[in-house]
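Here is a friendly walk through one protein model, taken a few regions at a time. Keep the viewer open as you read.

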Amino acid sequence: MIRIEQVPPTDLHLRTLIQALDKDLQQRYDEENIYTIDLDHPDAFHTTFMVAYIDDTPVGCGAIRPLDTDSVELKRFFVDSTYRRQGIAGNMLQALEQKAIEQGGHFVRLETGAEQFEATAFYERNGYYRIPVFADYEDDGISLCYEKKLDLDK
């Protein structure tokens with residue numbers, strides 16, 4: 001049974017999952033190509049974080065942060081490799097998209113690295129389409145950016 005909960009940036013399960021994500025990214029990319037988040041910075045409290053659980057085991061995380069008046073950015077999206085291909089990422093993405101709608105968002109944007117083939121395939125399967133590189137990613141030669149227009153009737 002998959003359970004998804006909104007958590008504060010101080011949540012220990014969230015922090016452990018983000019550490020696992022960072023470790024995975026460090027195996028794929030140079031340090032300057034990894035975009036982390038400072039969970040102790042006051043701005044982190046303007047970001048909506050979610051953790052996915054199977055029973056009581058934290059297995060995935062994700063977040064959205066406001067970009068502008070009608071867009072949010074999907075951040076720190078990760079499912080532990082042991083638990084992939086069980087529908088966790090899809091459920092978590094739906095929960096984050098619903099939260100974006102509740103917050104007045106019309107679009108979700110995201111950045112992923114060119115070496116994350118499984119991520120790009122996942123996002124494309126879920127209705128995301130490539131867009132020009134935006135914001136902090138413009139000078140990063142390996143960033144791929146995506147966007148999805150949210151169905152506000154949900």
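## Aromatic pairs

Five aromatic pairs are counted in this predicted model. In one of them, the ring centres of F77 and Y123 lie 6.2 Å apart with the planes at 55 degrees, so this pair is tilted. F77 belongs to strand β4 and Y123 to helix α3 (residues 117-125), so the pair ties together parts that are 46 residues apart in sequence.

If you look for these two side chains on the surface, you will be disappointed: F77 and Y123 are both buried. Ring pairs also bring them into a cluster, which links F77, F122, Y123, Y128 and Y146.

## Strand β5 and its partners

How many of the residues of strand β5 (residues 107-113) are buried? Seven of the seven are, so the strand is largely enclosed by the rest of the structure. Its side chains are worth viewing from either face: F107, R109, E111 and G113 point one way, while V108, L110 and T112 point the other way, and all of them are buried.

Now turn to the strands that pair with β5. Strand β4 (residues 71-79) runs parallel to β5 and is joined to it by four bridges. Here E73 is the residue that stands opposite R109 of β5. Strand β7 (residues 143-149) runs antiparallel to β5, with seven bridges between them. In that pairing, G113 stands opposite S143 of β7.

## Helix α2 and the crossover

What do β4, helix α2 (residues 88-102) and β5 make together? They make a right-handed β-α-β unit. The helix has 15 residues and spans 21 Å from its first C-alpha to its last, close to the 21 Å expected at 1.5 Å a residue. Just after α2 comes G104, which takes a positive phi of about 90 degrees.

The buried residues of α2 are I88, A89, M92, L93, L96, E97, A100 and I101. E97 deserves a second look: this residue of helix α2 has a relative accessible area of 7%, and is therefore buried. Beyond its neighbours within four places in sequence, E97 is in contact with V108, Y128, K148 and L150. Two of these names have already come up, since V108 is a residue of β5 and Y128 is part of the aromatic cluster.

## I54 at the end of β2

Is I54 buried or exposed? Its relative accessibility is 17%, so I54 counts as buried, the cut-off being under 20%. I54 lies in strand β2 (residues 48-54). Leaving aside neighbours within four places in sequence, I54 has contacts with M1, I2, V59, Y83, Q86 and I88. One of these, I88, is among the buried residues of helix α2.

For a sense of distance, try I54 and R125. They are 71 residues apart in sequence, and their C-alpha atoms are 23 Å apart in space.

## Charges over rings

Finally, two places where a charged end sits over a ring are worth finding. The charged end of R3 sits over the ring of Y53, 4.5 Å from the ring centre. The charged end of K149 sits over the ring of F107, at 5.7 Å from its centre. That second example involves β5 again, as F107 is one of the buried residues of that strand.

Notes. Residues are numbered from 1 along each chain as its sequence is written. This is a predicted model: local features need pLDDT of at least 70, side-chain atom pairs count only at pLDDT 80 or more; totals for chains, interfaces and linings use all residues. Side-chain values use heavy atoms; hydrogens and water are left out. Buried means under 20% relative accessible area, exposed over 50%, partly exposed in between (1.4 Å probe, protein chains only). Helices (H or I, at least four residues) and strands (E, at least two) are DSSP runs, numbered from the N terminus. Two strands pair if DSSP finds at least two bridges between them. A crossover is right-handed if, with the strands pointing away from the viewer, the path from the first strand over the helix to the second runs clockwise. Contact means heavy atoms within 4.5 Å. The expected span of a helix is 1.5 Å times one less than its number of residues. Rings of Phe, Tyr and Trp (its six-membered ring) pair if their centres lie within 6.5 Å; planes under 30 degrees apart count as stacked, over 60 as edge-to-face and the rest as tilted. A charge sits over a ring if NZ of Lys or CZ of Arg is within 6 Å of the ring centre and within 35 degrees of the ring normal.
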